[in-house]
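Some labels given to residues rest on a value set against a cut-off. Please look through the sequence and the model, and then follow the reasoning behind a few of these labels.

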Amino acid sequence: MGAGRSGTTALATFLGSNKKIQNVGEMHQFFKYLEENKKCSCGEYLQKCEFWKNKINHLKKDSFSKNRTLSEKMESHFSILKHFVNSFSNSNNIKYQELHKSVLDSIFLDTQKSILVDSSKYIGRALALNRLKNIDLKIIYVVRDVRGVISSFSKNVQTPKSPISSIIYYLLVNLVSEFVSRFFLNRKTIKIRYEDLMQEPYQILEKIELFLKADFNDIKQKIKKENSFKIGHIVGGNRIKEKKHIFFKYQDRWRFNYSFLQRLVFYICAFPIMFLNKYKI
Ligand SMILES: [Zn+2]
């Protein structure tokens with residue numbers, strides 16, 4: 001969970017290199033990818049990709065569009081309020097649960113891994129998945145310094161944003177994420193700062209290890225040896241997926257890209273979230 005450009009795809013990639021974890025990417029786009037016949041990060045069409053094809057056998061092709069509509073209804077930003085007041089129809093609720101349980105089950109069965117990492121970030125999806133029975137949902141809420149987010153959105157990304165719209169988006173997503181993680185999914189959520197992950201990776205990975213009851217020795221070794229991390233077969237994802245591998249490397253270009261005054265103004269505009277997460281001016 002968290003705002004875009006906060007490092008969730010990178011975190012999912014690091015976690016996905018663990019022997020018990022399968023990173024599947026941004027699963028809120030799964031049925032969109034199937035309906036529009038889009039490509040997996042490996043370059044093959046999702047429906048033909050060696051990783052995905054067995055896992056989607058059980059889904060009817062003529063239902064992709066219907067399943068997409070249902071999923072978007074339950075997972076969109078507009079669904080968040082509906083989750084709070086539980087105003088979904090019983091039939092949508094049940095259909096959603098059955099559909100997504102079957103998708104997750106087929107991935108579990110085929111990969112034989114015990115943890116799936118979904119880097120959707122969507123708060124609506126977290127709340128929708130929370131309705132599924134018999135899955136142990138855990139949420140990692142990732143927050144990043146607003147100036148890193150602004151700098152990242154200003155680059156040549158799929159969805160570039162101006163500093164002002166980045167700040168509004170950042171405040172909205174993080175305020176709602178704070179609210180949801182404190183009052184709705186409290187026991188299922190941990191929060192990490194992207195900067196801490198990149199600067200003190202062992203400490204943060206230990207926190208996630210405890211939370212997921214996993215053993216991340218292999219990930220820590222890879223970071224220590226400066227090995228690359230495979231992107232694998234993921235749905236969605238930003239520019240990162242164009243690469244086959246990424247390295248664990250922290251860059252905070254925003255410190256040099258913006259003047260002191262700009263950095264100060266950005267900080268003040270996003271003050272509630274920056275202060276709450278102990279970011280310094
Ligand atoms: Zn693939």
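The questions and answers below concern a predicted model, and they take up burial, salt bridges, polar contacts and surface patches.

Q: Why is Glu178 called buried?
A: The relative accessible area of Glu178 is 6%, and buried means under 20%, so Glu178 counts as buried.

Q: What makes the contact between Arg182 and Glu178 a salt bridge?
A: A salt bridge needs a side-chain nitrogen of Lys or Arg within 4 Å of a carboxyl oxygen of Asp or Glu; the N to O distance between the side chains of Arg182 and Glu178 is 2.8 Å, and therefore the pair qualifies. Both residues lie in helix α8, four residues apart, which is about one turn of the helix.

Q: How do you know that Glu178 also forms a salt bridge with Lys191?
A: The closest N and O atoms of Glu178 and Lys191 are 2.3 Å apart, and the cut-off is 4 Å, so this pair also counts as a salt bridge. Because Glu178 lies in helix α8 and Lys191 in strand β4 (residues 189-193), the pair ties together parts that are 13 residues apart in sequence.

Q: Why is Lys191 called partly exposed?
A: Lys191 has a relative accessible area of 26%, and partly exposed covers what is neither under 20% nor over 50%, so the label fits Lys191.

Q: What makes Glu206 and Lys220 a salt bridge?
A: The side chains of Glu206 and Lys220 meet at 3.6 Å, N to O, and the limit is 4 Å, so the pair is accepted. The pair links distant parts of the chain, with Glu206 in helix α10 (residues 201-212) and Lys220 in helix α11 (residues 217-224), 14 residues apart.

Q: Is Lys220 called buried or exposed, and why?
A: Lys220 has 14% relative accessibility, and the cut-off for buried is under 20%, so Lys220 is called buried. Its partner Glu206, at 41% relative accessibility, counts as partly exposed.

Q: What makes the link between Gln29 and Glu26 a polar contact?
A: The side chains of Gln29 and Glu26 are joined at 2.9 Å, and a polar contact is a pair of N or O atoms within 3.5 Å, so the distance meets the cut-off. Gln29 lies in the loop between β1 (21-25) and α2 (30-35), and at 15% relative accessibility it counts as buried.

Q: Where does the side chain of Ser41 reach, and why is Ser41 called buried?
A: The side chain of Ser41 reaches the backbone oxygen of Gly232 at 2.6 Å and the backbone nitrogen of Ile234 at 2.8 Å. The relative accessible area of Ser41 is 6%, and buried means under 20%, so Ser41 is called buried.

Q: Why is Asn134 called exposed?
A: Asn134 has 73% relative accessibility, and exposed means over 50%, so the label applies to Asn134. Asn134 is placed in the loop between α6 (123-129) and β3 (139-143), and it has a positive phi of about 65° although it is not a glycine.

Q: How do you know that Ile168 is accessible enough for a surface patch?
A: Patches are made of residues with over 30% relative accessible area, and Ile168 has 49% relative accessibility, so Ile168 passes that cut-off. Ile164, Ile168 and Leu172 form a nonpolar patch, with about 330 Å² of accessible area together.

Methods
Residues numbered from 1 in each chain as written. Predicted model: local features only at pLDDT ≥ 70, side-chain atom pairs only at ≥ 80, totals over all residues. Heavy atoms only, no water. Helix = DSSP H or I, 4+ residues; strand = E, 2+ residues; numbered from the N terminus. Buried < 20%, exposed > 50% of the residue type's maximum accessible area, 1.4 Å probe, protein only. Polar contact = N/O pair within 3.5 Å; in protein donor to acceptor, adjacent residues only side chain to side chain. Patch = residues over 30% accessible without salt bridge, like charges linked within 9 Å, V, L, I, M, F, W, Y side chains within 5 Å. Areas by Shrake-Rupley, 256 points an atom, 1.4 Å probe, with all protein chains shown as cover.
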